[in-house]
Amino acid sequence: MPLLKVTIDNIEVEVEAGTTIMNAARIIGGKVVPPAMCYYSKLEGSGGKCRTCLVKVAQGSARDPRPMPKLVASCRTLVQDGMVVQNITSPEAMESRQAITEFLLINHPLDCPVCDQAGECHLQDLSYVHGLQETRTVEERRTFKPIDIGDKIKLNMNRCILCYRCVMVADQITEKRVHGVLGRGDHSEISTLIVKAVDNDFSGNMIDVCPVGALTDNTFRFKSRVWFAKPMDAHRKCSKCSGKVVLWMKGDELLRVTGRKDKYGEVGEFICNDCRFEQKEKNDWIIEGPRTIERHSVISQNHYEISPGESVRMIK
Amino acid sequence: MGKQILLKNIDVPGLADFQVYRKLGGYTAVEKALKTLSPDQITEEVKKSGLKGRGGAGFPTGMKWSFIDKQSEKAKYLVCNYDESEPGTFKDRHIGKLNPHQLIEGMILGSYALGANTAYIYIRGELFYVLKILEKAIQEAYKNGFLGENILGTGYSLDLYCHPGAGAYICGEETALLESLEGKRGNPRIKPPFPAIVGLYGSPTVVNNVETIAALPWIVKNGYEAYAAIGIGNSKGTKLISACGHINKPGIYEIELGLPVEEFIYSDEYCGGIRNGNKLKAVVAGGSSVPILPASLILKTAAGEPRLMSYESLAEGGFQTGTMLGSGGFIVMDHTTCIVKNLLTFARFYRHESCGQCSPCREGTSWMEKILTRIENGQGTMKDIDLLVDIAKHVEGNTICPLGDAAAWPVASAIRHFREEFEEHVKLQKCPF
Amino acid sequence: MQDKNNIPEFNRETLDLVNQIIKRYPQGRQKSALLPVLHIAQSENSGWLSPEMMDYVASLLDIQPIEVYEVASFYSMYNLKPVGNCVIEVCQTGPCWLNGAEQILSHFETRLGIKPGETTPDGKFTLKTVECLAACGNAPVIQVGTEYHENLTPSKVDKLLEQWKSENKKSHTNPYL
């Protein structure tokens, strides 16, 4: 199959047929990559919902050079040969991204100071770059009571942006889904309807895929800000998953176990609940060394210095 | 009264009965088609007739059919969109209630043209009593050999079923409708792929509106030339207009496209003028989603030409001074109407009907409703009016499906044409009506 | 419906209807029958869908209970809380509003002594507001079960209420029967 040529923000790249604009941009890397709040490459059918990755297609293809009439979701639009895309070079796309960010925030509690996700929150990152300085809404925010779904997972629906990722995790990597999106419109919520524990070997991955602080790890609750914790690559022999994880340490204390996330916040391999919740002693693990993480909002502060590339390394 | 195609026999007593419909020439189009025409010939007829989708989008029907993946090994489906829910639109209910066989005959023709052996009529759940009329008529069609195996001995087979919705305007969007027909939430799908390639159960599918399908028997029977001879410009044929609001004769009218708007509103043959001799203030010409126009711009275009009931003429001037034919839901408001309150009811509607899947629609529709509620109750500010315009601008075009546009256009157009009325609400700190 | 230890079960006749509906969809696509079967289930359960009833529907269609919950909570015709015998749904969208829907609604409120979303203490009536019922030419419009009542006036409302009271109106009858 011949490769398709696509230009994104004046940078040309060749990709295989069937590649989305988003993934073409990820091949280029850096600032031309649109933010993804709902798309998750490991989850089939994800994307298209949050609308933060909208870009302008200035030229549809070499064969049909007409521009696309509306902004398109880069995560769900396939590259055509000769396509010309504008992301950060399109004032229209930037304006809409600012608007989408505002939409995502008008019902958000803005409770970052007490949210465990702060520092590794994609909504926080998005609002740093695209948020308005002032809030233009005076309306009352939608509120829900935080609940436990299972003994290890906290659901704080107030922070949810309805990306559907956790629903897809339950559908695609667990045996049985007991939670979903209930209600509709601005009353939609992630719920089990009647109190039911989300209880299966892989449910903890819902925490890892959640882009915001809606689903957090009860065993890590209020223990530390993530930027005070040191992430270490580690592994163990596990019969259920690869056993490859990141340990979040404070001195010798193991605060939290997560999957290994790439620079787009996606885990490489989903891990089981046993590794995540039950192996909380340092000795349970073979530690490989400090984890290199991409400079990523405040999480990269404190213990890191900027290395020549974009990524930062932990100071030992 | 112009040419009557859809409503010609609507007043005949017992029309819903198979024998009555048959005596009036019913099902002869099916006989003609199945015995003398190939599926492609029918598609060609429909293409040349100029028939456009009557649900609101106005997409050429024949062209929509031609996108279907005929090479696919999978089953093909025709689905009738009977989810009539656009405020101001009540034409489809009329057809199913009084002339169900016309719709069934159209379904057979469309299915044959598309190579579909199973077809569904997706009807909004509130209209269960119409569903039962349809199901009875379908049974009659089976009994008389127009549905089922080997129709009229031609070897063509078709099963037709009704499927009820359960209260969701969004299921009028064709991919949400298909999701709903699959027993899921009515979340519109992300397109492409379009239903013609990946539709119901992943199979090639065409979704057409009731009125569109009901026009097929006449087109097949009389030929495309006869249909295309009616109307004006690219607006061919007749259109059902559901007229409501402050008029003397609300109801469903079949008009030849091209009828002057003024004649439609004031002639005794149609709306019969404004109630109580009141003054016309504004019209929403094509269902709640399309831009509202003040009296001056609905009767005449900005260039001073008489405004006609056609796709082109109603759109003349773009959204600055024009609107859309849409679904033909014609809502008339007299001078006693508060434009802000009317808009608030629309905003509430779209907030209520947003599926909640994408953020601009979920958050934008509810934000707009809240602001409008404040303005209507006298708690709005001048800044709120501009904020509404800004929100509408950013909902429009940024959503998965057209509901975002449908929610944004009424807000933007009401402020565009009646800004002083919003300002008055703010200044007086109450509704002046 | 027989109620054995709170686990709902349809009678033979209703089960036949359900199976007949399932057959309208291709093999393996029995989930398609969810909306029609939920209509039936609601009518068999005093007009609302209890979690037990939804779980029963899930078992009939061989799908997960959550798949039923997410659908039942999406569509406005399904009630997830108990309702009165007669649910009165008043349209309030633009065209009905233009023709006096607010007056009709407030007349119902006064006569029944309840607000939208509430049920009369005797359990006879529930008042609901709904969005466009697509009968705008005959506004104002209400729906009760599968019936539409159109061109309403306060005096028509009075007559309807009298009639419903005297006949102990139930709005939740099996819509297919």
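# A guided tour, starting with chain C

Begin by selecting chain C and following the sequence from its start: the order of elements is β-β-α-α-α-α-β-α-α-β-β-β-α. In total you should find 7 helices and 6 strands there. Keep in mind as you look around that this is a predicted model.

**Stop 1: chain C as a whole.** Zoom out until all of chain C is in view. Along the principal axes, its C-alpha atoms fill a box of roughly 50 × 35 × 25 Å. How does its radius of gyration fit a compact globule? Chain C has 18 Å, which agrees with the value near 16 Å for a compact globule of 177 residues. If you colour chain C by burial, 47% of its 177 residues come out as buried. You can also look at which parts of the sequence meet: of the contacts in chain C with a separation of 6 or more, 60% are between residues 24 or more positions apart.

**Stop 2: the two domains of chain C.** Select residues 2–72 of chain C for domain 1, then 86–167 for domain 2, as given by the domain assignment. The C-alpha centres of these two domains of chain C lie 29 Å apart.

**Stop 3: where chain C meets chain B.** Now show chain B as well. Here 35 residues of chain C are in contact with 44 residues of chain B. On the chain C side, select helices H2 (34–44), H4 (65–72) and H5 (94–98), each of which supplies at least two residues. Which helix has the largest share of this side? That is H2(C), with 5 residues. Colour the chain C side by class and you will see 21 nonpolar, 9 polar and 5 charged residues.

**Stop 4: where chain B meets chain A.** Move on to chains A and B. This contact takes 21 residues from chain B and 25 residues from chain A. On the chain B side, the elements that give two or more residues are H16, helix H17 (359–376) and helix H18 (382–395). H17(B) gives the most, with 8 residues. By class, this side of chain B has 7 nonpolar, 10 polar and 4 charged residues.

**Stop 5: helix H16 of chain B.** Finish by selecting residues 339–353 of chain B, which form helix H16. From its first C-alpha to its last, this helix of 15 residues reaches 21 Å, close to the 21 Å expected at 1.5 Å a residue. Is H16(B) mostly covered or mostly open? It is mostly covered, with 14 of its 15 residues buried.

Notes:
Residues are numbered from 1 along each chain as its sequence is written. Chains are lettered from A and ligands numbered from 1 in the order in which they are written. This is a predicted model: local features need pLDDT of at least 70, side-chain atom pairs count only at pLDDT 80 or more; totals for chains, interfaces and linings use all residues. Helices (H or I, at least four residues) and strands (E, at least two) are DSSP runs, numbered from the N terminus. The expected span of a helix is 1.5 Å times one less than its number of residues. A residue is buried if 20 or more other C-beta atoms lie within 10 Å of its own, exposed if 12 or fewer, and partly exposed in between; C-beta atoms are placed from the backbone. Two residues are in contact if their C-beta atoms, placed from the backbone, lie within 7 Å. Ala, Val, Leu, Ile, Met, Phe, Trp, Tyr, Cys and Pro count as nonpolar, Asp, Glu, Lys and Arg as charged, and the others, Gly among them, as polar. Domain bounds come from an automatic or database domain assignment. The radius of gyration is taken over C-alpha atoms; the globule rule is 2.2 Å times the number of residues to the power 0.38.
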